[in-house]
Amino acid sequence: MDATHQKAVSFKENLGFKDYVGFGFGDMAINFTFASLGMFVVFFYTDVIGISAGIIGTLMLFSRSFDGIIDVVVGGLVDKTHSRWGKTRPWLLFGALPFAILTISIFAVPAGWSEVAKIVYIFLSYNLLMIAFSSIAIPYGTLNSLVTRDQHQREKFNLFRMFMAQVGVLIVTNATMPMVDFFGNKQLSWVITYTILSAISVLLFMVVFKSQKERVQVVAAKKIPLKVSLNAIFKNKYWWIATIFFIIYSIGYALNQGSTIYYAKYVLHNDSLVGVLTIGYLAPVLIGFIFVSHLFVRYGKTKVMLWGSILSIFGYLFTLISPDNFAVVMTSQIIKGVGQVPILGGVWAMFPDTIEYGEWKTHVRVEGLLYSGGSLGQKVGVGLGTALTGWVLAWGHYNGALSAQPSSAMNSIYQLFIYIPIVIYILQIVLLLMYNLDKKYPAIMRDLAARKDND
């Protein structure tokens with residue numbers, strides 16, 4: 001037993017600070033686009049282009065549902081990829097530039113076109129961007145399972161990834177509006193702004209490509225039929241829980257991002273506060289990432305994520321003390337940020353664990369398809385959250401052309417910023433109580449090590 005245990009914990013690789021930081025640059029690059037979609041895209045389409053919030057919400061939902069299919073396709077293609085750069089790295093090498101160009105395109109809605117033509121352009125450009133997003137996000141996420149099989153090293157990769165991701169969010173939320181204003185506060189200003197941000201993202205992806213190595217070499221010379229791969233997914237209960245959790249979490253994430261600019265503009269009467277509110281929310285996250293890995297090791301990431309969800313609910317309730325008082329709202333943002341530390345730090349680390357569980361249970365290892373659950377959950381959840389933002393605003397008769405909104409629209413903004421997220425966190429807690437893989441993981445890895453020795 002002792003010898004087996006020793007082999008089970010010998011998956012640790014010789015990794016350094018530069019490996020973790022280099023990996024983290026990828027999510028920073030992704031968030032130059034992803035954070036913008038959550039924070040500004042509905043606002044851009046309603047207040048700059050002048051499209052109805054209800055129409056935008058419906059387009060977002062349809063696009064994200066379609067994108068879920070693309071995720072599965074890309075996941076399968078990643079599993080079939082074999083090149084001198086590995087399985088995932090070539091996708092980053094060749095996908096970075098198209099991803100950047102298509103990010104710029106969603107802001108380049110032709111001004112002289114009719115409303116119907118604009119809606120068609122928005123639909124097409126957004127969906128093409130989502131295809132490019134899948135082609136970057138799934139290989140990048142899958143890379144985490146290929147750099148090491150050690151659970152705690154993977155959690156460190158995830159923490160650095162999420163740390164850098166939040167740095168990316170802070171850059172986008174604090175730089176976008178000042179850059180737009182600097183370039184003239186016109187639609188063209190948005191295009192110029194995202195040309196600059198997208199160019200930086202391409203450089204960051206090249207850093208990931210150069211700095212990472214696919215060290216995990218699983219013996220899988222024979223090709224796995226798609227039917228076998230899908231059957232392995234259906235039998236992986238923890239993958240289903242993790243994917244549903246990610247959908248629910250991403251709905252709340254999208255609501256938080258999408259509603260902040262409306263809350264700042266109409267409740268706090270200053271849309272420039274969106275950057276400050278985001279700092280209040282993310283500064284605790286960045287600081288907390290320094291310590292949370294120790295909590296994961298001691299208590300298990302699922303339990304710490306559970307308490308983070310409870311604290312986040314308290315943060316939303318705190319806003320009710322005085323919803324239009326900046327000090328109160330800022331304090332609630334800080335509380336919510338502390339609650340987000342373990343959730344952001346652990347959510348992506350759930351999927352590599354489900355890959356090992358799936359191999360243990362079914363004797364089939366399919367990294368790309370299983371990891372597509374993270375991207376699938378993220379996109380479907382953000383799509384639902386973005387759609388919900390548009391629908392709730394439309395339900396409240398929000399009109400982006402008005403400087404003052406009717407009481408029904410103000411109620412919609414409160415629902416999006418405070419009340420609906422509380423329901424989201426309650427659902428997260430239920431799912432986390434069902435996810436008990438942390439307790440089983442050491443034994444699973446011992447069994448996998450024993451199988452390898454017996455092959």
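Ser250 lies in helix α10 of this predicted model. The residue is buried, with a relative accessible area of 2%. Leaving aside neighbours within four places in sequence, Ser250 is in contact with Gly377, Gln378, Gly381 and Val382.

Helix α10, which covers residues 237-266, also supplies the largest share of the largest nonpolar core, namely 17 residues. That core has 128 residues in total, and those with the most contacts inside it are Tyr45, Phe245 and Tyr262. Not counting residues up to four places away in sequence, Tyr45 touches Gly50, Ile51, Ile56, Met60, Ile106, Val109 and Ile122. Separate from this set is a second core of five residues, among them Ile70, Val74, Val78 and Trp91.

**Helix pairs**

Two helix pairs are described by the angle and separation of their axes.

| Pair | Angle | Axis distance | Handedness of crossing |
|---|---|---|---|
| α5 and α6 | about 155° | 9 Å | left-handed |
| α10 and α16 | roughly 160° | within 9 Å | left-handed |

An angle over 145 degrees counts as roughly antiparallel. The angle between α5 and α6 is about 155°, which makes α5 roughly antiparallel to α6. On the α5 side, the contact is made by Arg89, Trp91, Leu92, Gly95, Ala96, Phe99, Leu102, Thr103 and Ser105. On the α6 side, the participating residues include Tyr121, Ser125, Leu128, Leu129, Ala132, Phe133, Ser135 and Ile136, together with Pro139, Tyr140 and Leu143. Trp91 of α5 thus appears in this contact and is also a member of the second nonpolar core.

For the other pair, helix α16 comprises residues 407-434, and its axis crosses that of α10 at roughly 160°. The helices α10 and α16 are therefore roughly antiparallel to each other.

**The loop between α5 and α6**

Phe107 is placed in the loop between α5 (89-105) and α6 (115-147). Its relative accessible area is 1%, so Phe107 is buried. Not counting residues up to four places away in sequence, Phe107 touches Phe44, Gln187, Trp190, Val191 and Tyr194. Phe107 and Thr195 are 88 residues apart in sequence, while their C-alpha atoms are 9.9 Å apart in space.

**Length and burial of α6 and α14**

Helix α6 has 33 residues, which at 1.5 Å a residue should span 48 Å; the end C-alpha atoms are 48 Å apart, in agreement with that expectation. Of the 33 residues of α6, 25 are buried, so this helix is largely enclosed by the rest of the structure.

Helix α14 (residues 350-362) can be examined in the same manner. Its 13 residues should span 18 Å at 1.5 Å a residue, and the 18 Å between its end C-alpha atoms agrees with this value. Eleven of the 13 residues of α14 are buried, so α14 is likewise largely enclosed by the rest of the structure. The buried residues of α14 are Met350, Phe351, Pro352, Asp353, Thr354, Ile355, Glu356, Tyr357, Gly358, Glu359 and Thr362. Charged side chains are represented in that list by Asp353, Glu356 and Glu359. Just after α14, His363 takes a positive phi of about 65°.

How values were computed: Residues are numbered from 1 along each chain as its sequence is written. This is a predicted model: local features need pLDDT of at least 70, side-chain atom pairs count only at pLDDT 80 or more; totals for chains, interfaces and linings use all residues. Side-chain values use heavy atoms; hydrogens and water are left out. Helices (H or I, at least four residues) and strands (E, at least two) are DSSP runs, numbered from the N terminus. The expected span of a helix is 1.5 Å times one less than its number of residues. Buried means under 20% relative accessible area, exposed over 50%, partly exposed in between (1.4 Å probe, protein chains only). A nonpolar core is a set of buried Ala, Val, Leu, Ile, Met, Phe, Trp, Tyr and Cys residues joined through side-chain atoms within 4.5 Å. Contact means heavy atoms within 4.5 Å. Axes are lines fitted to C-alpha atoms, for helices over the stretch in contact, and angles run from 0 to 180 degrees between N-to-C directions. Angles under 35 degrees count as roughly parallel, over 145 as roughly antiparallel, 65 to 115 as roughly perpendicular and the rest as oblique. A crossing is left-handed if the near helix is turned anticlockwise from the far one by less than a right angle, and right-handed if clockwise.
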